[in-house]
Amino acid sequence: MTDTEALSAALAPIAAGRATARIDGARASIVLDVTGLAEATRDELEADIRRVAGALPGVDEVRVLMTSERRTRRLIAVASGKGGVGKSTVAANLAIALQRRGRRVGLVDADIYGPSQPRLLGVEGVKPQAREKVLLPVETRFGVPMLSMGGLVAEGQAIAWRGPMAGGALGQMVDADWGETELLVLDLPPGTGDVQLTMIQKHKPAGAVIVSTPQDLALIDATRAIDLFNKAGVPVVGLIENMSGYACPHCGEVSDPFGAGGAEAAAARLGIPFLGRVPLEMAIRAASDAGEPPAAGNGPAAELFAGLAGQVDDWLKN
């Protein structure tokens, strides 16, 4: 017959301190800590535990209970005061650029009513699965797992939800099984409504990145978004000026259809960091719409987003 001490000794070489075991008659009961392990690794470890325990003399039944500590992840919100400023494109490329810096990053498309991340990350039509009523993020080719309402409803279907339903959907995505992910980038809807308030109250971000175009109207709304985060005690990482300058592909002359320098001036006035400019370029728009975010490449746009990600990364470290 096998006693508890012998069972523990047999499991020690493969459990590496993760197993707590006891013998009750012919039954071996084992509590297995799988915190931080990927699903495939958990399954393999459980199978090895059952095999070794089941082979011991007098053991007729093996029960394994897997437990996992809840990980605390940091959230970075990417927000804007109004729509149409390219916030989602910036969020997708920023997440990829952070991943390329070695961060374990996930992306939550919290723009419940206008989800666009499935297209930007090339996973349109891929629906997330669930395990024990917990969503499993969709894997992408860029090493950034993602969840979006765009993967849960039919393409083109209107999402006519009131605030509590939208907030509940956001909660399910944030509390999904993100595995080893240490940082979630949240692509928030524009404005300062129910979804933003729910996110701040229940899933307080470590910081917020604000995206605006240079023109006055966009900056007025961006200032409102900044004020919301300030009042909620969420630090503003900085302001990104998107669609900043357009270089003619034929003559090379640079024009400023949305103005120039407005976001940098606003950042100085508000006392927040100015992270940089993203130009109005056809290549960025076309690549993003095609599910090939420029940050995943090696061109000038990739370097630009790498620079923005570097500043966010430094902010997180400090």
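Start by selecting Arg-119 and Glu-124: their side chains form a salt bridge, with 3.3 Å from N to O. Keep in mind as you click around that this is a predicted model. Turn on a surface and check both partners. Arg-119 is partly exposed at 41% relative accessible area, and Glu-124 is partly exposed too, at 44%.

Next, pick Arg-131 and Asp-177. Here the salt bridge has an N to O distance of 2.4 Å. Colour by secondary structure and you'll find Arg-131 in strand E6 (residues 129-131), while Asp-177 sits in the loop between helix H5 (163-174) and strand E9 (183-187), so this pair ties together parts that are 46 residues apart in sequence. Arg-131 comes out partly exposed, with a relative accessible area of 26%, and for Asp-177 the value is 26%, again partly exposed.

While you're in a selecting mood, grab Arg-101, Arg-103, Asp-313 and Lys-317 together. Salt bridges with shared partners link these four residues into one network.

Now move over to helix H2 (residues 39-54) and show Arg-51 and Asp-48, which both lie in that helix, 3 residues apart, or about one turn. Their side chains meet in a salt bridge at 3.5 Å, N to O. Is Arg-51 buried or exposed? Its relative accessibility is 52%, so Arg-51 counts as exposed, the cut-off being over 50%. Asp-48, at 24%, is partly exposed.

Want to keep going? The structure holds 17 salt bridges, and the pairs on this tour are among them.

Methods. Residues numbered from 1 in each chain as written. Predicted model: local features only at pLDDT ≥ 70, side-chain atom pairs only at ≥ 80, totals over all residues. Heavy atoms only, no water. Helix = DSSP H or I, 4+ residues; strand = E, 2+ residues; numbered from the N terminus. Buried < 20%, exposed > 50% of the residue type's maximum accessible area, 1.4 Å probe, protein only.
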